[in-house]
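Biologist: Please show me the model. I would like to ask how some of its labels are earned.

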Amino acid sequence: MAFATHLFTRRRAIVPATASLFATGTILYPKTDLFAEAPEPSSLKKPIYDDVSALTSPSEHKASPSSPTSKTQSPTPTDRLAYQVRRTRLFIYAHVLAAEETVNSIMDSFLHMESSFTSTIASLAPPKESSERLMPGVIYVLVAAMAGSIVSRNRNILLRTSIPLAVGVGAGWVVLPITMRNIGDFVWTYEQRFPVVADNHLRIRRAAEEGWRQAKSSGLGFANVVDEKIQGGRDAAEEWVRKGR
């Protein structure tokens with residue numbers, strides 16, 4: 001009896017000690033980690049995709065707040081000055097470029113006119129292999145025109161203008177035939193631009209040629225008559241001289 005009581009008392013003393021040891025071991029060595037705040041399940045695992053937002057549902061997307069629009073700043077005085085300087089430079093450059101192009105075009109036209117004039121004068125001159133010379137021929141033409149003006153000085157204005165011109169042109173055709181032909185061809189090229197002038201020129205030329213032909217034939221007839229008269233007079237004189245002997 002005493003032994004049983006002693007054994008029961010001993011067991012009662014071991015149970016609190018065992019419970020204390022178990023509680024101490026549970027506190028010192030817990031089986032699970034304790035956190036102050038429970039972590040999010042998604043933060044514990046690393047994503048296997050680069051774009052995690054592609055895996056989330058559309059309901060999880062939240063509209064990002066619109067960024068506030070920056071207010072436009074007014075230009076500073078330095079910016080306004082730089083803009084005005086730029087406009088002034090562009091304005092001056094445009095006008096200087098236009099003036100330069102105008103001067104270049106005027107100079108080009110002058111050079112073209114000069115080259116055209118020199119080439120035209122050179123084309124009117126007689127070739128070097130011909131015996132025609134301009135210097136004495138031009139002097140002869142001027143002297144003939146002055147003689148025509150002297151002859152017609154007491155006539156009316158029409159004759160005082162036409163006679164020196166006609167005499168000078170005639171002398172030119174006699175003294176400088178190649179040069180006068182070149183001048184006539186040159187004038188004809190310009191007359192062809194105006195059909196009325198060209199037709200009048202052809203009509204006057206035909207009339208002049210016809211008049212010259214008739215004058216030439218009349219001159220030949222007159223010369224023949226004169227030759228006949230002279231020959232008759234000579235024969236009569238010879239006959240008279242023979243009878244006088």
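Modeller: In α5, Pro-164, Gly-168, Ala-171 and Gly-172 are buried. This is a predicted model, in which local features need pLDDT of at least 70, side-chain atom pairs count only at pLDDT 80 or more, and totals for chains, interfaces and linings use all residues. Residues are numbered from 1 along each chain as its sequence is written, and side-chain values use heavy atoms, with hydrogens and water left out.

Biologist: What makes a residue buried or exposed?

Modeller: Buried means under 20% relative accessible area, exposed over 50%, and partly exposed in between, with a 1.4 Å probe and protein chains only. Pro-164 in α5 is buried, whereas Leu-158, Ala-166 and Val-174, on the other side of α5, are exposed.

Biologist: How do you know that the buried residues of α5 line one face of the helix?

Modeller: The arc is that of the directions from the helix axis to the C-beta atoms. Seen down the axis of α5, the buried residues fall within an arc of 105°, so they line one face.

Biologist: What covers the buried residues of α5?

Modeller: The cover includes α4 and α6, where contact means heavy atoms within 4.5 Å.

Biologist: Why does the span of α5 agree with what is expected?

Modeller: The expected span of a helix is 1.5 Å times one less than its number of residues. The 19 residues of α5 should therefore span 27 Å, and the end C-alpha atoms are 27 Å apart, which agrees. A helix here is a DSSP run of H or I with at least four residues, numbered from the N terminus.

Notes:
Helix = DSSP H or I, 4+ residues; strand = E, 2+ residues; numbered from the N terminus.
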